[in-house]
Amino acid sequence: MAENSNELMDKLVALCKRRGFIFQSSEIYGGINGFWDYGPLGVELKRNIKDAWWEDIVRKRDDMVGVDCSIIMNPKVWEASGHLAGFTDPMVDCKGCKARFRGDQFDLYETSKVPNIPAQVFATPVDAFNAFRDEQVRLDTRIIANPGMTTEELQSVYRRGTGRNRARIVLRGAGIFVADGKDCYQLTRIVNQPCKPGDKCPICGGDLTEARKFNMMFKTFVGAMEDSSAVAYLRPETAQGIFANYKNVLDTSRIKVPFGIAQIGKAFRNEINPRNYTFRSREFEQMEIEFFCHPNEADKWYEYWRDARFNWYVGLGLRSSRLRLRPHEKDELAFYARSCADIEYEFPFGISELEGVANRTDYDLTQHQKFSGKDMAYFDDDAWQTFLDQRKAEGKPELTKEEKTTLSSGSSFRYTPHVIEPSGGVDRATLAFLCEAYTEDQAPDEKGVMQSRTVMKFHPRLAPIKVAVFPLVKKEGMPEVADRIYRAAKKAGLAAFYDEKGAVGRRYRRQDEAGTPFCVTVDGQTLQDQTVTVRDRDSLKQDRIAADNVVPYVREKLSS
Ligand code: GAP
């Protein structure tokens, strides 16, 4: 199972690079660990995910507004939020090879004898090392040694690489095979174990330091002076920009509690061990909601958002059988949180968090009130007016100024809102949609012979290209008609692609790999009756429709 999953991840990573979904950042210089770039198809996919979120979360609702805050904020924000003191991971170092690990997510290796040496065998250990060294985006590297290779030889190969390459190979390896000339052993990685006293370095077997706290915020300096007064941080979450602007939003919009503020933006964390492709990066994007409500309604809104967010992923094509809601155990909860659940997805490398939904009580607003000296309480003037009207209707005497002051400060009218926070990662969502979409199946070629194909079955709303247009041949006026359809689709705002190169079957395959849901072909019949074929990516069914009807046809399919 593990091997198939790792193979699947390898194939997906290769496809993402080959087709321009995801590249390693600064690849021409050897890359930089934990940073990724999105290519032409990837950026469209990611943008479609963000647009779908913004559309569904902000534009379609009456109780949500958006903000776009700066990445660098006054450092006091991070003091108030607790990030300066507490946004740390335990870190351990190897005293021998100097590799660095997260102490709470340590990888251990179990050795078991395997009966057969797997298929890929390298002539020399150096060949094995070199073969994998350049494949920097591989998630699961299996070094399968020559039967004559000893464990010492394998280790010496590791040591010959640079520190970074060496770590990459070993840390990413879910299965490393070593052979001692007689038997072959598989080292199986058991991930995310807390490091215990006496544990050894999984790379070189050396002794480890005690765990130290490592703050994950990236530090920088604002202005020309690089002294302590100029220190600032790249935000590790977008949430604090929302809290810092909560009063501004209330004062400048007509919105009333319960309401939410949404933000999509970059966040930065100096992760000790970036891993699993884009899953844990050092620079990533978040899509976060802070939903402000009366304390008595917080449990209700927590359940509402937890379920709404889960269903959002299902609605965009993640199979619910691969998703799960995992409520946090009491001892997992932050001290201020009343409840929290992770929406988890079954990635090929394991079940991992896609989004967290937390009831953060009034912790953040109270902290910002304390540190900024600004009042963060909310006064519900509608409820107050209803109360006064009711008294009047009941013939009760008018309240004195003092009575008004005392009564209006009661918690039904004046309170610090509690906050429900659904906090998702754009890159993690993108990775989940990529994993979900990756499919290998069979499709007939031009001669009707079944061939295996790789197809990215994205939800049409997320597909980077919505429609591709082909002339069957590059003559007889077909390119002109196809070009007209292509331009009409572009003008209508549909992401469209024109392709006249190669056999039409090949062109279908290229679009299948890009995840394009509809391919329109202009053929001989088009010239007779102005109809074209539209091929459905998933069912492979071909509809013949009027050439003028392509845009409304695709639009209707996209919205159904
Ligand atoms: N404001 C709450 C908060 O930031 P979090 O669980 O630390 O909570 C929320 O992060 C989401 O951000 C995660 O569920 C994940 O999708 C994404 N995320 C966090 N760290 C990430 C990383 N290193 N790389 C990619 N995505 C990350």
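Trainee: Where does Pro-258 lie?

Mentor: Pro-258 sits in the loop between α9 and β12. Keep in mind that this is a predicted model. The bond that joins Val-257 and Pro-258 is a cis peptide bond, and its omega is about 5°.

Trainee: What makes Ser-281 count as buried?

Mentor: Set the value against the cut-off: buried means under 20% relative accessible area. Ser-281 has 4% relative accessibility, so Ser-281 counts as buried. This serine lies in the loop between β12 and β13.

Trainee: Which residues does Ser-281 contact, leaving aside its neighbours within four places in sequence?

Mentor: They are Gly-34, Trp-36, Arg-269 and Glu-271. For this purpose, contact means heavy atoms within 4.5 Å.

Trainee: How do you know that Ser-281 has a polar contact with Thr-278?

Mentor: A polar atom of the Ser-281 side chain lies 2.9 Å from the backbone oxygen of Thr-278. The limit for a polar contact is 3.5 Å, so the pair with its distance of 2.9 Å falls within it.

Trainee: Let's turn to the ligand. What makes the pairing of Glu-288 with the ligand a polar contact?

Mentor: An N or O atom in the Glu-288 side chain is 2.6 Å from a nitrogen atom of the ligand, and the cut-off is 3.5 Å. The same reasoning works for Glu-271, where a side-chain N or O atom is 2.8 Å from a ligand nitrogen. Ser-281 joins in through its backbone: a polar backbone atom there is 2.8 Å from a nitrogen atom of the ligand. As for cover, the ligand taken alone exposes 550 Å², and the protein buries 88% of that.

Trainee: How many residues surround the ligand, and which are the closest?

Mentor: There are 19 of them, and the closest are Glu-237, Arg-269, Ser-281, Glu-288 and Glu-353. Sorted by class, the shell holds nine charged, six polar and four nonpolar residues.

Trainee: Which strands each supply at least two residues of that shell?

Mentor: Those strands are β13 (283-293), β16 (350-359) and β19 (418-425).

Trainee: What makes β13 a mostly covered strand?

Mentor: Count its residues under the 20% cut-off: 10 of the 11 residues in β13 are buried.

Trainee: How do you know that β12 and β13 pair?

Mentor: Two strands pair if at least two bridges are found between them. β12 (residues 259-268) and β13 have 10 bridges, in the antiparallel sense, so they qualify. One example is Ile-264, whose bridge partner in β13 is Met-287. β13 and β19 also run antiparallel, joined by six bridges, and Phe-292 stands opposite Val-419 in β19.

Trainee: Back to the loop between β12 and β13. Why is Phe-279 called buried?

Mentor: Its relative accessibility is 10%, so Phe-279 falls under the 20% limit. Phe-279 is found in that loop. Not counting residues up to four places away in sequence, Phe-279 touches Phe-347, Phe-349, Ser-352, Glu-353, Arg-428 and Leu-431. Phe-279 and Phe-347 are 68 residues apart along the chain, with 9.6 Å between their C-alpha atoms.

Trainee: Asn-276 is in that loop too. Is Asn-276 buried or exposed?

Mentor: Buried: the value for Asn-276 is 15%, under the 20% cut-off. Asn-276 also has a positive phi, near 55°, in a residue other than glycine.

Trainee: Why is Ser-26 called partly exposed?

Mentor: Ser-26 has a relative accessible area of 32%. Partly exposed covers the range between 20% and 50%, so that is the class for Ser-26. Its place is in the loop between β1 (22-24) and β2 (36-38), and its phi is near 45°.

Trainee: And what makes Asn-48 buried?

Mentor: A relative accessible area of 14% puts Asn-48 under the 20% limit. Asn-48 lies in helix α2 (residues 40-59). Leaving aside neighbours within four places in sequence, its contacts are Arg-461, Leu-462, Ala-463, Pro-464 and Lys-466.

Trainee: What about the protein as a whole: how many residues are there, and what share is buried?

Mentor: Buried residues make up 51% of the 560 residues. The protein has 18 helices and 26 strands.

Conventions
Residues numbered from 1 in each chain as written. Predicted model: local features only at pLDDT ≥ 70, side-chain atom pairs only at ≥ 80, totals over all residues. Heavy atoms only, no water. Near = heavy atom within 4 Å. Polar contact = N/O pair within 3.5 Å; in protein donor to acceptor, adjacent residues only side chain to side chain. Areas by Shrake-Rupley, 256 points an atom, 1.4 Å probe, with all protein chains shown as cover. Helix = DSSP H or I, 4+ residues; strand = E, 2+ residues; numbered from the N terminus. Nonpolar A, V, L, I, M, F, W, Y, C, P; charged D, E, K, R; others polar. Buried < 20%, exposed > 50% of the residue type's maximum accessible area, 1.4 Å probe, protein only.
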